[in-house]
Amino acid sequence: MTVVAVLADPPRPGLVLPDLAETTPLSPDDAAALYTATLKDTARAVERSGGDLLVNYRPADLLPDEHVGDTSSEAELRALVGEALDDVTDVRFEEQVGSTFSARAGNTAAHLLREEGVDSVAVTRGTAPLLTRPVIDSAAMKLRQNQTVLGPSTRGRTYYAGFTAPIDYADAFEGAELETLVDRANDAGHHTEFLPMHVGVETAADLRDLLPVLWSRIAAERVVPEHVATFVHDRGLRVRDDEIVVDD
């Protein structure tokens, strides 16, 4: 089974999804609530898949001083995952190690593959609501025949990066990370396969791309990520004339 490592921050206003609070009608509290919803949907998708869920959190010493609170990152994220899942007994919670996202993601992936000897590991930020159980299971199947499996997102990013053997992770998740990860996979002699493109929600442009997809799936009575769809519905978030608005 693939260990799916969700690299997560405690959902504190101003720390998570700050661009949305600055460029959309969402307040910092709203942005934190949306981040909470995406993490809950991700945790539920992994738990319902054939993968093993690892919540890899930033501890206090890796957070900006202004976002260090009285409650630990682990406690906040344990509570969040506990609200999303019926049983958290098999969920692992471990601290991230490293000064950048690339370092933290790479340390996690390399440790699991080299030190724990897992068959495959995937890294996700937990901000792609359409990373669903079928997508995770499809990725696991692809990892049986490919050493690297990537889920492309917009602006050259990835929402899922799976490996059966390590690559050079230094600065691999910066900039146009999809191309960098493929180059590093090639350098390591990996065969690379891809998942369907899905939006990872970090910016106003991302949210504009996601909202019509969610509303159209709701209208067609198709499966949607429950917590994110509820957040969007309750806030009345829509796209009008290429702008994000709040319907009264």
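Here are three short exercises with worked solutions on helix packing, cavities and pockets in this predicted model.

Residues are numbered from 1 along each chain as its sequence is written, and side-chain values use heavy atoms, with hydrogens and water left out. Because the model is predicted, local features need pLDDT of at least 70 and side-chain atom pairs count only at pLDDT 80 or more, while totals for chains, interfaces and linings use all residues.

**Exercise 1. Describe how helix α7 packs with helix α8, and say which residues of α8 are buried.**

Step 1: locate the helices. Helix α7 covers residues 204–219 and helix α8 covers residues 226–235. Helices are DSSP runs of H or I with at least four residues, strands are runs of E with at least two, and both are numbered from the N terminus.

Step 2: get the geometry. The angle is about 100° and the axes lie 11 Å apart. Axes are lines fitted to C-alpha atoms, for helices over the stretch in contact, and angles run from 0 to 180 degrees between N-to-C directions. The angle therefore makes α7 roughly perpendicular to α8 (65 to 115 degrees; under 35 is roughly parallel, over 145 roughly antiparallel and the rest oblique).

Step 3: list the contact (heavy atoms within 4.5 Å). From α7 come Leu210, Leu211, Leu214, Trp215 and Ile218, and from α8 come Val228, Ala229, Val232 and His233.

Step 4: sort these residues. The contact has 8 nonpolar, 1 polar and no charged residues. Here Ala, Val, Leu, Ile, Met, Phe, Trp, Tyr, Cys and Pro count as nonpolar, Asp, Glu, Lys and Arg as charged, and the others, Gly among them, as polar.

Step 5: check burial. His227, Val228, Ala229, Phe231 and Val232 of α8 are buried (under 20% relative accessible area, with a 1.4 Å probe and protein chains only; exposed is over 50%, partly exposed in between). These buried residues pack against α2 (28–48), α7 and β8 (237–240). Just after α8, Gly236 has a positive phi of about 65°.

**Exercise 2. Find the cavities of 30 Å³ or more and work out what lines the second largest.**

Step 1: count them. The whole structure holds 2 such cavities. On a 1 Å grid over the protein atoms alone, a cavity is a set of points where a 1.4 Å probe fits but cannot get out; a pocket is an open set with protein on both sides within 12 Å along at least five of seven lines, and lining residues have an atom within 4 Å of a point.

Step 2: compare volumes. The largest has about 60 Å³ and the second largest about 50 Å³. Points are joined across faces, edges and corners, and a volume is the space filled by probe spheres set on them.

Step 3: read the second lining. Val6, Ala8, Leu39, Ala43, Leu53, Val55, Leu77, Leu80 and Val81 line this cavity. α3 gives the most, with 3 residues, and the lining divides into 9 nonpolar, no polar and no charged.

Step 4: contrast the largest cavity. Its lining has 2 nonpolar, 6 polar and 3 charged residues.

**Exercise 3. Characterise the largest pocket.**

Step 1: volume. The largest pocket holds about 490 Å³ of space.

Step 2: centre. Of its 21 lining residues, Asp9, Arg58, Phe101, Arg125 and Glu202 are the closest to the centre.

Step 3: composition. The lining divides into 9 nonpolar, 3 polar and 9 charged residues.
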